[in-house]
Structures are given as structure tokens and as C-alpha cells.
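Student: Please take one part of this model and go through it closely, keeping the account connected. I would like to follow the pairing of charged side chains and the setting in which it is found.

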Amino acid sequence: MPTLAWWPGTVPRGSISSEIGTTADILPTLAKFAGAEIPEGIDGLDISSLLLANDETPSLHKVLFYETEGIRQGKWKLVNTKKQYELYDLELDIGEQNNIAEEHPDRVKDLKALLDAHSKYLTENTRPAGYVKLPKPIISTIDGLPILVDYLGLKDVEWSGSYKPIMSNGHP
């Protein structure tokens, strides 16, 4: 997915990168910008060099997995549609309109092998979802909880819907 970055005086205006970045990269990148230590053992990478438009910076992500349904490596994206594998060249086809899997069987084979290995790793190493016997809610009703307009100080926003928050600006 395309992403926009705006930081006047830091992110160069009009800069473009086709390198791979993910939402998991936000934490380590912001930590770097803030001068904080980047946490160990997280999935994301510091992509500040991509945001700062250092044209010589290659992607830090050699591959990007879409769960177990797809993989991206450089300009190539392989997607498992459950019916077939579809291959796209994102440099030539950003809208993923032309499946070129039949023209590149070796690329499909290589990417599928990586995707299969990733799927196997997830299957063998994913911990079970958390479970709590007889869970008890922390709150019993949402009435009176603050909403975004409270935090933003928007006094002239009218509320519609059945939930009636009690806002700090005095409006019910």
C-alpha cells in the first residue's frame, strides 16, 4: 500500500521510494527519530533512511509476507488466491491487473518455496491465543467514557447515535 510521510524540513518534499516498509516498522523508526533505544525482539525495522530519502538505501526487508497468503520480494508479488498463485511485477503493474505467473514459472516456484517455508514456520511456532476462564469485564457500560472530540477539544461537534458520552465541554 502506498504511504505518505510528511515532516517539513526532514522528509524531502516530493521524494518517492518503492522500497518495502510495514506498519511494524513504525515503532523502531520513531524510536530512532526520538533518540530512544530501539527495542530488541520486535518484528519491525528502522526505516528512517527510506523516509529521509537516502536514494542509496536499499530495502531492509528482503521479503515481506502477507500472513500465509502472499509474499513480496523486490518488485515481485506472489498471491495465493486459494484457486491459483498469481504473480505481479509491481514496477510495471502497480494495480496488480496482469497475472504473469505463466510467463515466470521459476519466479513463482522460488517465491512459493519461501512462502511455504514461512507458513510452516508460523504453524510450528505460533503460540495459542490467550484464554481466560470466566472473564469479567472491567467496565459494565460505555456511558460516560470520553470520546475523541473530548481529547481534541472540539466543542461544536454534534453527537449522533444512541451512545451519549459525557464530554468535558459540558455537552451530553
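Tutor: A good place to begin is with Lys 120 and Glu 124, each of which is exposed in what is a predicted model. The side chains of Lys 120 and Glu 124 form a salt bridge in which the closest N and O atoms are 3.9 Å apart, and the two residues lie in helix 3 with a spacing of four residues, about one turn of the helix. Helix 3 also holds Asp 116 and Lys 112, again four residues apart and about one turn of the helix, and here the salt bridge brings the closest N and O atoms to 2.7 Å. Asp 116 has a relative accessible area of 34% and Lys 112 has 29%; because partly exposed covers values between the 20% limit for buried and the 50% limit for exposed, Asp 116 counts as partly exposed, and so does Lys 112.

These pairs belong to a total of six salt bridges in the structure. Another of them joins the side chains of Lys 77 and Glu 96, at 2.9 Å from N to O. Because Lys 77 lies in strand 3 while Glu 96 belongs to the loop between strand 4 and helix 3, this pair ties together parts that are 19 residues apart in sequence. At 14% relative accessibility Lys 77 is buried, whereas Glu 96, at 28%, is partly exposed.

Lys 77 also leads into the sheet, since it is the bridge partner, in strand 3, of Arg 72. Strand 2 (residues 70–73) and strand 3 (residues 76–80) pair in the antiparallel sense over four bridges, within an open sheet of four strands that has the order 1-2-3-4 and antiparallel pairing. Strand 1 (64–66) and strand 4 (85–89) stand at the edges, and since each has a single partner strand, one side of each is left without a neighbour in the sheet. From one strand to the next, the twist averages 15°.

To place these parts in the whole, the protein chain has four helices and four strands, and its elements run α-α-β-β-β-β-α-α from the N terminus on. Following the chain past helix 3 (105–125), one comes to the loop between it and helix 4 (148–152), where Leu 145 has its place. Leu 145 is partly exposed at 34% relative accessibility, and it forms a nonpolar surface patch with Ile 138, Ile 139 and Ile 142, the four together having about 420 Å² of accessible area.

Note on methods. Residues are numbered from 1 along each chain as its sequence is written. This is a predicted model: local features need pLDDT of at least 70, side-chain atom pairs count only at pLDDT 80 or more; totals for chains, interfaces and linings use all residues. Side-chain values use heavy atoms; hydrogens and water are left out. Patches are made of residues with over 30% relative accessible area and no salt bridge: like charges are joined within 9 Å, nonpolar side chains (Val, Leu, Ile, Met, Phe, Trp, Tyr) within 5 Å. Accessible areas come from the Shrake-Rupley method with a 1.4 Å probe; for residues, only the protein chains shown count as cover. Buried means under 20% relative accessible area, exposed over 50%, partly exposed in between (1.4 Å probe, protein chains only). Two strands pair if DSSP finds at least two bridges between them. Axes are lines fitted to C-alpha atoms, for helices over the stretch in contact, and angles run from 0 to 180 degrees between N-to-C directions.
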